[in-house]
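Biologist: Please take a close look at the charged side chains here. Which of them pair up, and how exposed is each partner?

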Amino acid sequence: MTAIRELIFASMAAALAADASAGEVERMASGDPLGFPARHIGDDGQAVLEGEVGATRYALSCSIEGYVEGQGGAAAAAQLNQLYADTVRTVMALIGTVPQIENVEEGDMRVAVASLASTRRLAFSTDFTITYATRRGDPETL
């Protein structure tokens with residue numbers, strides 16, 4: 001079997017890769033993006049929300065970094081804002097389509113100029129909290 005948190009991350013990566021604005025999509029990226037626009041999914045851990053008879057409920061924290069090419073200015077900012085909007089819409093749509101996910105909450109967003117491989121690009125990072133439950137003591141079973 002597969003851990004439910006792995007199923008959630010795999011579903012998120014597949015949905016982001018299938019999105020029309022997808023370029024590179026990578027989980028736990030260990031380097032700079034190679035293709036643009038790019039999205040990198042980070043696993044920021046999880047916390048136990050509450051226990052109940054037979055189940056444990058979790059708040060899984062993750063972040064998605066988005067990158068677009070451009071020196072800055074209105075055109076690059078518009079690209080970045082569209083990638084952000086598409087990313088949020090795609091992740092929020094996981095509610096109801098991925099049975100393991102109970103809820104998704106969007107968190108903070110940060111924007112920056114990113115110098116990658118001596119080329120300037122714009123980037124954002126946005127946080128999400130995904131609520132899910134498992135059978136108590138078994139991270140692979142609902």
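**Salt bridges up close**

Modeller: Glu 69 and Arg 121 join their side chains in a salt bridge, with 3.2 Å from N to O. This pair ties together distant parts of the chain. Glu 69 lies in strand E3 (residues 55–69). Arg 121 lies in strand E5 (residues 119–135). The two are 52 residues apart. Their surroundings can be read from relative accessible area. Glu 69 has 44%, so it is partly exposed. Arg 121 has 10%, so it is buried. The cut-off for buried is under 20%, and exposed means over 50%.

Keep in mind that this is a predicted model.

The whole structure holds 8 salt bridges. Another of them pairs Glu 6 with Arg 27, and the closest N and O atoms are 2.8 Å apart. This pair also links distant parts of the chain. Glu 6 sits in helix H1 (residues 4–18). Arg 27 sits in strand E1 (residues 24–27). The separation is 21 residues. Glu 6 has a relative accessible area of 33%, so it counts as partly exposed. Arg 27 is at 30% relative accessibility, and therefore partly exposed.

Next comes the pair Arg 57 and Glu 52. Their salt bridge brings the closest N and O atoms to 2.6 Å. Arg 57 is at 17% relative accessibility, which means it is buried. Glu 52 has a relative accessible area of 35%, so this residue is partly exposed. The pair does not stand alone: Glu 52, Arg 57 and Glu 102 are linked in a network of salt bridges.

One more arginine deserves a look, this time for a polar contact. Arg 39 belongs to strand E2 (residues 38–52). Its relative accessibility is 1%, so Arg 39 counts as buried. The side chain of Arg 39 meets the side chain of Ser 21 in a polar contact of 2.9 Å.

Put the arginines side by side. Arg 39 is buried at 1%. Arg 121 is buried at 10%. Arg 57 is buried at 17%. Arg 27 is partly exposed at 30%. Now the glutamates. Glu 6 is partly exposed at 33%. Glu 52 is partly exposed at 35%. Glu 69 is partly exposed at 44%. In the bridge between Glu 69 and Arg 121, then, a partly exposed glutamate meets a buried arginine.

How values were computed
Residues are numbered from 1 along each chain as its sequence is written. This is a predicted model: local features need pLDDT of at least 70, side-chain atom pairs count only at pLDDT 80 or more; totals for chains, interfaces and linings use all residues. Side-chain values use heavy atoms; hydrogens and water are left out. Helices (H or I, at least four residues) and strands (E, at least two) are DSSP runs, numbered from the N terminus. Buried means under 20% relative accessible area, exposed over 50%, partly exposed in between (1.4 Å probe, protein chains only). A polar contact is a pair of N or O atoms within 3.5 Å; within protein, one must be able to donate a hydrogen and the other to accept it, and residues adjacent in sequence count only if both atoms are side-chain atoms. A salt bridge is a side-chain nitrogen of Lys or Arg within 4 Å of a carboxyl oxygen of Asp or Glu.
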